[in-house]
Amino acid sequence: MEIELKDWAEWKIQCARKLCGEETQIRLGSFAQSRFGIQLRRQVSITNLNNNDVLRQLPSSDNAWHQFESYAALKQTREGKRYKDWIFARVQGGNGVPLDIIQSGASLIMRSVVRAYLRAEFSPRITVSMDQPIGDSELTMADLLPGKIDPVDSVVENEYNILAERHAATLLEELSCRERIGLLAKFNGISLDNAEVLALAGCGKSTLSQVVRDMLGKIRDDIKREYDDDGHDAVTAFTVLVVKYLEKELNKWKSLEKNLPHCFYKTRQGY
């Protein structure tokens, strides 16, 4: 059974899932278990677990909801608002379908619930590897970074900054030398037809431009595929944050590299 807006409304009024009707309890529990499982798969890399352990850690629907409900009722945002109240307050100022807004907020809270659970129950993994699939699309930097995009609110911003920094660090390790050079030039405002840049990349301008477009497109598509349940605005904001953190990581790498063309060291420091 698909969860409905009335289920969330009943939970808000009754204060606890156990006080709701039987069908509402089933739908809320199913939602919590599903989102808990999604976050387990996404965040398993912060622990010493492997992917085969994930299914064994999936709690029952009752347990998943209990962890979610307890967190939502007891924890507060930086502004002092209970997360349960925050879930429903987002509807008033948000653009979109109320059910989607509520569920995207609940999914963000579940992300924190699962992260706290994994950190409490399992040892951390020293080296984090996201091991995410790579997508493909045709995008320019202008397509990916429109004029101004603000995260939905402080809770979203805090969660996405944590995840974006982790994504960017993983991306940096996976980039080829050509991809690093192309993106670094793009981030530093260096033309992709610069002779020094092309010599280091070992290709022509059209090839390097395509490499940059493909890489930015892969980032966008990967995030959209993995976090689409968070809602369009949040996914867009998260994509921008990942690109910003990747720029920071690449500029750190640049500062350690002594053999890059002189043009890279004359540009602005983006971090």
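**Exercise 1. What percentage of the 271 residues of the chain count as buried?**

Solution. The structure is a predicted model, in which local features need pLDDT of at least 70, side-chain atom pairs count only at pLDDT 80 or more, and totals for chains, interfaces and linings use all residues. Residues are numbered from 1 along each chain as its sequence is written, and side-chain values use heavy atoms, with hydrogens and water left out.

Step 1. A residue is buried under 20% relative accessible area, exposed over 50%, and partly exposed in between (1.4 Å probe, protein chains only).

Step 2. By this criterion, 48% of the 271 residues are buried.

Step 3. The chain exposes about 13700 Å², of which carbon and sulfur atoms supply 49%. Such areas come from the Shrake-Rupley method with a 1.4 Å probe, and for residues only the protein chains shown count as cover.

**Exercise 2. Determine the secondary structure of the chain, and test the span of helices H4 and H11.**

Solution. Step 1. Helices (H or I, at least four residues) and strands (E, at least two) are DSSP runs, numbered from the N terminus. The chain has 13 helices and 0 strands.

Step 2. The expected span of a helix is 1.5 Å times one less than its number of residues. For H4 (residues 61–74), with 14 residues, the expected value is 20 Å, and the distance from first to last C-alpha is close to it at 20 Å.

Step 3. Helix H11 (residues 205–227) has 23 residues and should span 33 Å; its end C-alpha atoms are 33 Å apart, in agreement.

Step 4. The buried residues of H4 are Ala64, Trp65, Gln67, Phe68, Glu69 and Ala72. Their cover includes H1, H2, helix H5 (83–93) and helix H6 (98–121). In H11, the buried residues include Leu208, Val212, Asp221, Asp222 and Tyr227.

**Exercise 3. Describe the largest nonpolar core and the surroundings of Trp11.**

Solution. Step 1. A nonpolar core is a set of buried Ala, Val, Leu, Ile, Met, Phe, Trp, Tyr and Cys residues joined through side-chain atoms within 4.5 Å. In soluble globular proteins, nonpolar side chains tend to be buried together.

Step 2. The largest core has 66 residues, and those with the most contacts inside it include Trp8, Trp11, Phe68 and Leu246. Helix H12 (residues 232–256) contributes the largest share of this core, 10 residues.

Step 3. Contact means heavy atoms within 4.5 Å. Not counting residues up to four places away in sequence, Trp11 touches, among others, Cys20, Trp65, Phe68 and Phe88.

Step 4. Leu246 lies 9.3 Å from Thr170, C-alpha to C-alpha, although the two are 76 residues apart in sequence. Thr170 belongs to helix H8 (residues 154–174) and is buried, at 9% relative accessible area.

**Exercise 4. Explain why Cys20 forms no disulfide, and compare the exposure of Cys15 and Cys20.**

Solution. Step 1. A disulfide is a pair of cysteine sulfur atoms within 2.5 Å.

Step 2. The closest cysteine sulfur to that of Cys20 belongs to Cys15, at 9.2 Å, so the two are too far apart for a bond. The count for the structure is 0 disulfides.

Step 3. Cys20 is buried at 6%, whereas Cys15 is exposed at 54% relative accessibility.

Step 4. Cys15 is located in the loop between helix H1 (5–14) and helix H2 (22–43). Its phi is near 80°, a positive value in a residue other than glycine.
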